[in-house]
Amino acid sequence: MRETQTIGEIVAEDYRAAEVFKNHKIDFCCRGNRTLEEVATKNNLNVDTLINELNAVVQKRANDAIDFKSWSLDLLVDYIEKKHHRYVEKQSTVLKQYLDKLCRVHGQKHPELFRIRDLFNISAGELAMHMKKEELVLFPFIRKMVEAKQSRQNLGTPRFGSVLNPIQTMMDEHDHEGERFRTIAELSNDYTPPADACTTYKVAYSLLQEFEEDLHRHIHLENNILFTKANELEKQMKAMV
């Protein structure tokens, strides 16, 4: 572990390092390009202490930990679609229902619920469009690159010029979602139900926190692993021409 390593690289090597960053409220997915030294300074942390915490987590790595970095790109996009895209589609509907109910029953006493609901509804809509762009444009091209490399065929130039162009768009949209959920977490006191919360209230906050955590894993896999490897593969393909 080095001070000059980016936090995205560290989490890509072992996802459990994310726990350390979460504890210190450090965004490792949308803003994973910052170095350990940068985030330590920004958050008034001792960088050596931070490195020790990370090393302690990494040393406990289990034998069954998933090494996503070793996966082929086509397998990784399949996993993201089936695991994370489907989760977002399913849970968005469930959470909308819960948040609508909370606003009806508790909104008068807890007006922050209306803002939380509005932000989540915006996020659900934006994520739906975001995932479709990935499924219809970016992911098919990544699969095409993998197939072209395996068959040693000329890839050709896509209509969007370079894979970096849709990647940058996706990363910008990831940033927006990260910011939106930081606001939701703040409004909900880090998903802590108030003293008068009913069971529905508690379940809704628990599901909302789970949704954010899944989104962090989802964005991390794309920003810090998939997109980096896709860019490298495109460079290799161009060098073969």
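Visitor: Where does asparagine 189 lie?

Guide: Asparagine 189 lies in the loop between α7 (164-187) and α8 (199-240). This is a predicted model, in which local features need pLDDT of at least 70, side-chain atom pairs count only at pLDDT 80 or more, and totals for chains, interfaces and linings use all residues. Residues are numbered from 1 along each chain as its sequence is written, and side-chain values use heavy atoms, with hydrogens and water left out.

Visitor: What makes the phi of asparagine 189 notable?

Guide: Its phi is positive, about 55 degrees, although asparagine 189 is not a glycine. Most residues other than glycine have a negative phi. Aspartate 190 also has a positive phi, near 55 degrees, and is not a glycine; aspartate 190 lies in the loop between α7 and α8.

Visitor: Why is aspartate 190 called partly exposed?

Guide: Buried means under 20% relative accessible area, exposed means over 50%, and partly exposed is in between (1.4 Å probe, protein chains only). Aspartate 190 has a relative accessible area of 41%, and therefore counts as partly exposed.

Visitor: Why does tyrosine 98 count as partly exposed?

Guide: The relative accessibility of tyrosine 98 is 26%, so the residue counts as partly exposed. Tyrosine 98 lies in helix α5 (residues 73-106).

Visitor: Which residues is tyrosine 98 in contact with, leaving aside its neighbours within four places in sequence?

Guide: Contact means heavy atoms within 4.5 Å. By that rule, tyrosine 98 is in contact with Thr200, Val203, Ala204 and Leu207, once neighbours within four places in sequence are left aside. Asparagine 46, by comparison, is 52 residues from tyrosine 98 in sequence and 41 Å from it in space, C-alpha to C-alpha.

Visitor: What is the secondary structure of the protein chain?

Guide: The protein chain has eight helices and zero strands. Helices (H or I, at least four residues) and strands (E, at least two) are DSSP runs, numbered from the N terminus.

Visitor: How do you know that the radius of gyration agrees with that of a compact globule?

Guide: The radius is taken over C-alpha atoms, and the globule rule is 2.2 Å times the number of residues to the power 0.38. For 241 residues the expected value is near 18 Å; the protein chain has 20 Å, which agrees. The C-alpha atoms fill a box of roughly 65 × 45 × 30 Å along the principal axes.

Visitor: How many of the residues count as buried?

Guide: Of the 241 residues of the protein chain, 45% count as buried. Among contacts between residues at least 6 apart in sequence, 76% join residues at least 24 apart.
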